[in-house]
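Q: Could you take a close look at one part of this model for me, the largest pocket, and then walk me outward into the strands and loops around it?

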Amino acid sequence: QVQLVESGGGLVQAGGSLRLSCAASGRLFVVYIMGWFLQFPGKDDREFVATIRHSDNGPTIADLLKGRFTITRDSAKNTVYLQMNNLKPEDTAIYYCAAASDGAGQYNYWGQGTQVTVSS
């Protein structure tokens with residue numbers, strides 16, 4: 001099993017920044033990619049934000065978020081970060097950390113989520 005714990009969410013004014021953290025523990029040797037997803041208020045589905053590969057720390061950011069969001073990983077701390085700059089009210093959502101293990105074909109581990117609220 002892999003456990004993921006997010007932190008760093010909160011209330012921020014438009015134009016501000018937040019850095020989300022996702023601390024991973026457990027059988028991390030099975031994980032090959034981690035990512036962030038968001039769930040907008042009143043919606044059931046989760047949308048892709050960013051991913052980072054464990055093999056080379058190669059990042060992928062959703063096109064609409066490029067230039068404002070950055071994903072990084074500290075392998076020594078088993079932690080993935082999502083730096084969010086120039087936040088907008090429409091970024092308000094619950095942000096989830098996720099991990100996929102080899103052969104899973106999907107993100108099979110999820111954190112509990114952290115709320116990000118951006119006020120105008």
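**The largest pocket and its surroundings**

A: Happy to. The largest pocket holds about 210 Å³ of space. Please keep in mind that this is a predicted model. The lining of the largest pocket is made up of 13 residues, and Leu38, Phe40, Glu47, Leu64 and Leu65 are the ones nearest its centre. By character, the lining residues split into eight nonpolar and five charged, with no polar ones. Strand 5, residues 47-53, gives the largest share of that lining, three residues.

From strand 5 we can step across to strand 4. The two run antiparallel and are joined by six bridges, with Phe37 standing opposite Phe48 of strand 5. Strand 4 also has strand 9 as an antiparallel partner, this time through eight bridges; here Ile33 stands opposite Ala100 in strand 9. As a general reminder, strands of a sheet pair through backbone hydrogen bonds, in either the parallel or the antiparallel sense. Strand 4 is largely enclosed by the rest of the structure, because eight of its nine residues are buried.

That leads naturally to the largest nonpolar core. Among its 32 residues, Leu4, Met34, Trp36, Val49, Leu82, Met84 and Tyr95 touch the most other members. At least two residues of this core come from each of strand 1, strand 3, strand 4 (31-39), strand 5, strand 7, strand 8 (79-84), strand 9 (93-101) and strand 11 (114-119).

Some of those strands belong to an open sheet of four strands, in the order 1-3-8-7 with antiparallel pairing. Its edges are strand 1 (2-7) and strand 7 (69-74), each of which pairs on one side only. On average, and ignoring direction, neighbouring strands of this sheet are turned by 20 degrees against each other. If you would like one pairing to follow by eye, try strand 1 with strand 3 (residues 18-26): they are antiparallel over six bridges, and Val5 has Ala23 of strand 3 as its bridge partner.

Now for the loops. Asn78 sits in the loop between strand 7 and strand 8, and Asn86 in the loop between strand 8 and strand 9. Most residues other than glycine have a negative phi, which makes these two worth a look. Asn78 has a positive phi of about 50 degrees although it is not a glycine, and Asn86 likewise has a positive phi of about 50 degrees. Asn78 counts as partly exposed because its relative accessibility is 33%, and Asn86 is partly exposed with a relative accessible area of 43%.

The loop between strand 8 and strand 9 also holds Glu90 and Thr92. Glu90 has a relative accessible area of 51%, so it is exposed. Its C-alpha atom is separated by 7.5 Å from that of Val118, 28 residues apart along the chain. Thr92, at 16% relative accessibility, counts as buried. Thr92 also brings us back to where we started: its C-alpha atom and that of Leu38 are separated by 8.9 Å, with the two residues 54 apart along the chain, and Leu38 is one of the residues nearest the centre of the largest pocket.

Methods
Residues numbered from 1 in each chain as written. Predicted model: local features only at pLDDT ≥ 70, side-chain atom pairs only at ≥ 80, totals over all residues. Heavy atoms only, no water. 1 Å grid on protein atoms, 1.4 Å probe; cavity = no way out; pocket = protein on both sides within 12 Å on 5 of 7 lines; lining within 4 Å. Points joined across faces, edges and corners; volume = space filled by probe spheres on them. Nonpolar A, V, L, I, M, F, W, Y, C, P; charged D, E, K, R; others polar. Pairing = 2+ DSSP bridges. Axes fitted to C-alpha atoms, helices over the stretch in contact; angles between N-to-C directions. Core = buried A, V, L, I, M, F, W, Y, C linked by side-chain atoms within 4.5 Å. Buried < 20%, exposed > 50% of the residue type's maximum accessible area, 1.4 Å probe, protein only.
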